[in-house]
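Good morning, colleagues. Please look at the model on the screen while I speak.

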Amino acid sequence: MRSPNFAYLLTVAIIVFLTSTSCKKNSGSNTNNPPKTPTGVILTSNATFGNIITDNQGRTLYFFFNDAAAGSSCTGDCLVAWPSFYEDNLTIGTGLTASDFGVITRTDGKKQSTFKGWPLYYFQSDAKPGDVNGDKVANLWAVAKADYTVMVASGQLVGLDGGNYNDQGVAATGASTYLTDPTGRTLYLLTKDSTNTNKFTKSDLSNDPTWPMDQVTGVGSIPSVLDKTQFATITVFGKTQLVCKKRPMYFFGQDNSVKGSTKGVSFPTPGAGIWKVINNNTPSL
């Protein structure tokens, strides 16, 4: 006959076994924790786009062409599909420059990180790190890259006279699509120029402050909504100027390097049509 101590010891053994098994399961479940919250940005190699800007978990970030001016224009349902990116005390990966990143306060009071003035977003339909499904959506989004030579903007053109214009310099209300430099400064063409020939800039560059040449070191990345083969460079009095569709590209001095400023569309007089913004509708020379 078994003693009462035997039943007691058997019960203790079973409890110890179950407790041990439970602890092992709990320990193993740590491998199923969700991904860590991103704390920074890095350059990530992509087979289609080369080096793109992602968070430090590898999730792709994007630019929105409607963010032509300062701030973010993505609100409501847009923000559901394109969540804004913001991290406090952002860490910067190799190949990126800390001074290119900034922070804005959105109209909803939340903060958002920017790159060269462009707010950064995720795309809801990117299921995993490395996905780039948001590029070219509605022809208004581009994967974020650090080496774009030009950017695309979409918004109302407002001339030096305060009037609203379209991309032909005609008085009109409504958004126009146009090219900018990587920081959002509007780019223009001069209708009097000829093929790959700058007819405006003087040899002493004395009039360059009025309509500065878009000086570049070469043609880098171009947003995929554009045709990269349409971009090249020319040499003007020892300076390298960017051309698009064989048209030399300029800034307008009175835009004062302000992102989204388009005052040149009504210069020298409204409707003159001498200076125009550049976009996909611009014919080649």
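I shall take confidence, the core, and the pocket in turn.

This is a predicted model, in which local features need pLDDT of at least 70 and side-chain atom pairs count only at pLDDT 80 or more, while totals for chains, interfaces and linings use all residues. Residues are numbered from 1 along each chain as its sequence is written, and side-chain values use heavy atoms, without hydrogens and water.

The chain averages a pLDDT (the predictor's confidence in each residue, from 0 to 100) of 90, and 87% of the residues score at least 70. Over residues 4-34, pLDDT stays under 50. Where pLDDT is low, the predicted coordinates should not be read in detail.

The largest nonpolar core (buried Ala, Val, Leu, Ile, Met, Phe, Trp, Tyr and Cys residues joined through side-chain atoms within 4.5 Å, buried being under 20% relative accessible area with a 1.4 Å probe, protein chains only) has 54 residues. Those touching the most other members include Leu61, Leu120 and Met249. Strand 9 (strands being DSSP runs of E, at least two residues, numbered from the N terminus) gives the most to this core, with four residues.

Which residues line the largest pocket? Among them are Asp147, Asp181, Asp214 and Gly220. Asp147 lies in the loop between strand 8 and strand 9 and is partly exposed (between 20% and 50%), with a relative accessible area of 40%. Leaving aside neighbours within four places in sequence, Asp147 is in contact (heavy atoms within 4.5 Å) with Gly220 and Ser221. The C-alpha atoms of Asp147 and Leu96 are separated by 10.0 Å.

Technical notes. 1 Å grid on protein atoms, 1.4 Å probe; cavity = no way out; pocket = protein on both sides within 12 Å on 5 of 7 lines; lining within 4 Å.
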